Amino acid sequence: MPIPPRVSAVALRTADLARATAFYVGLGWELSPASTGAMSLFKTAGSLLLVCTDDLLAQLGGPEVAAALAGEPTGETILSIHVASDEEVDAALQAAVGAGGVMVKEAAATPGGSYGFFADPDGHVWEVIHHPLYRLGTDGRPEVP
């Protein structure tokens with residue numbers, strides 16, 4: 001199966017990154033040192049939680065992703081599936097299209113990996129990513145610093 005049945009990261013869109021980060025830190029959640037000025041990353045018992053603004057998502061996905069998110073409330077999420085290789089990114093995107101999804105952004109290179117975006121038939125945007133910072137553990141979950 002080209003798309004593994006897992007959600008490895010959930011990106012919560014926010015208009016105020018500092019406020020959102022303070023909220024999750026206030027809950028006692030551990031802020032990962034992999035966080036940047038453009039995103040806050042939290043380890044959870046399952047998936048990773050990424051809190052970011054639409055600016056970061058548009059930077060990663062370009063005008064295609066920006067257009068897919070335009071007019072959508074920031075309460076919407078972006079779900080990510082981490083895979084082990086660039087080839088798996090391409091295969092997953094093609095499988096999504098073959099199953100009736102829409103290609104939002106074809107696979108693009110990132111330092112050491114690649115990513116792309118598709119939308120399901122209801123318009124929910126998914127990211128498929130291979131990134132060296134997020135290694136997959138033996139249980140298929142991404143491991144971050």
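This note goes through the predicted model in numbered points, from the overall fold to single pairs of residues.

1. **Overall make-up.** The chain holds three helices and nine strands. Read from the N terminus, its elements follow the order β-α-β-β-α-β-α-β-β-β-β-β. The chain has 145 residues, and 43% of them are buried.

2. **Surface and contacts of the chain as a whole.** The accessible surface amounts to about 7,300 Å², and carbon and sulfur atoms account for 57% of this area. The contacts also deserve attention. Of those between residues at least 6 apart in sequence, 54% join residues at least 24 apart.

3. **The largest nonpolar core.** This core contains 19 residues. The residues with the most contacts inside the core are L50, C52, L57, V65, I78 and F117. Two or more residues come from each of the elements β1 (9-13), β2 (39-43), β3 (48-52), α2 (54-69), β6 (113-119) and β7 (125-130). Helix α2 makes the greatest contribution, with four residues.

4. **A second core.** Apart from the largest core lies another one, made of 10 residues. Its members include I3, V83, F118 and V128.

5. **The surroundings of C52.** Which residues does C52 touch, once its neighbours within four places in sequence are left aside? The contacts of C52 are then A11, L12, R13, T14, L17, A38, M39 and L57. Two residues from this list, M39 and R13, are taken up in the next points.

6. **M39.** This residue belongs to strand β2. M39 has a relative accessible area of 11%, and therefore counts as buried. Along the chain M39 and R13 are 26 residues apart, while their C-alpha atoms are separated by 9.9 Å.

7. **The salt bridge of R13 and D54.** The structure contains two salt bridges. In one of them D54 is joined to R13, with 2.6 Å between the closest N and O atoms. D54 lies in helix α2 and R13 in strand β1, so that this pair links distant parts of the chain, 41 residues apart. Are the two partners buried or exposed, or in between? R13 is buried because its relative accessible area is 5%. D54, at 26%, is partly exposed.

8. **The salt bridge of K105 and E64.** Here the closest N and O atoms are 3.9 Å apart. K105 is found in strand β5 (residues 102-110) and E64 in helix α2. This pair, too, links distant parts of the chain, its residues being 41 apart. K105 is buried, since its relative accessible area is 17% and the limit for a buried residue is under 20%. E64 has a relative accessible area of 37% and is partly exposed.

9. **Aromatic pairs.** The model has five aromatic pairs. A pair of aromatic rings is described by the distance of the centres and the angle of the planes. Y24 and W29 form a tilted pair, with 5.3 Å from centre to centre and 45° between the planes. Y24 is buried at 16% relative accessibility, whereas W29 is partly exposed at 35%. F118 and W126 form a stacked pair, with 6.2 Å from centre to centre and 0° between the planes. F118 and W126 are both buried.

10. **The aromatic cluster.** F23, Y24, W29 and F42 together make up one aromatic cluster. F23 is located in helix α1 (residues 17-26). Its relative accessibility is 47%, which means that F23 counts as partly exposed.

11. **A nonpolar patch on the surface.** Which residues form this patch? They are F23, L27 and W29, and together they have about 300 Å² of accessible area. F23 and W29 thus appear in the patch and also in the aromatic cluster.

12. **Points to look for in the model.** The reader may begin with C52, which is among the residues with the most contacts inside the largest core and is in contact with both R13 and M39. From R13 one can pass to D54, its salt-bridge partner. Helix α2 may then be followed to E64, which is paired with K105 of strand β5. The patch of F23, L27 and W29 can be examined last, on the surface.

How values were computed
Residues are numbered from 1 along each chain as its sequence is written. This is a predicted model: local features need pLDDT of at least 70, side-chain atom pairs count only at pLDDT 80 or more; totals for chains, interfaces and linings use all residues. Side-chain values use heavy atoms; hydrogens and water are left out. A nonpolar core is a set of buried Ala, Val, Leu, Ile, Met, Phe, Trp, Tyr and Cys residues joined through side-chain atoms within 4.5 Å. Buried means under 20% relative accessible area, exposed over 50%, partly exposed in between (1.4 Å probe, protein chains only). Contact means heavy atoms within 4.5 Å. Patches are made of residues with over 30% relative accessible area and no salt bridge: like charges are joined within 9 Å, nonpolar side chains (Val, Leu, Ile, Met, Phe, Trp, Tyr) within 5 Å. Accessible areas come from the Shrake-Rupley method with a 1.4 Å probe; for residues, only the protein chains shown count as cover. A salt bridge is a side-chain nitrogen of Lys or Arg within 4 Å of a carboxyl oxygen of Asp or Glu. Rings of Phe, Tyr and Trp (its six-membered ring) pair if their centres lie within 6.5 Å; planes under 30 degrees apart count as stacked, over 60 as edge-to-face and the rest as tilted.
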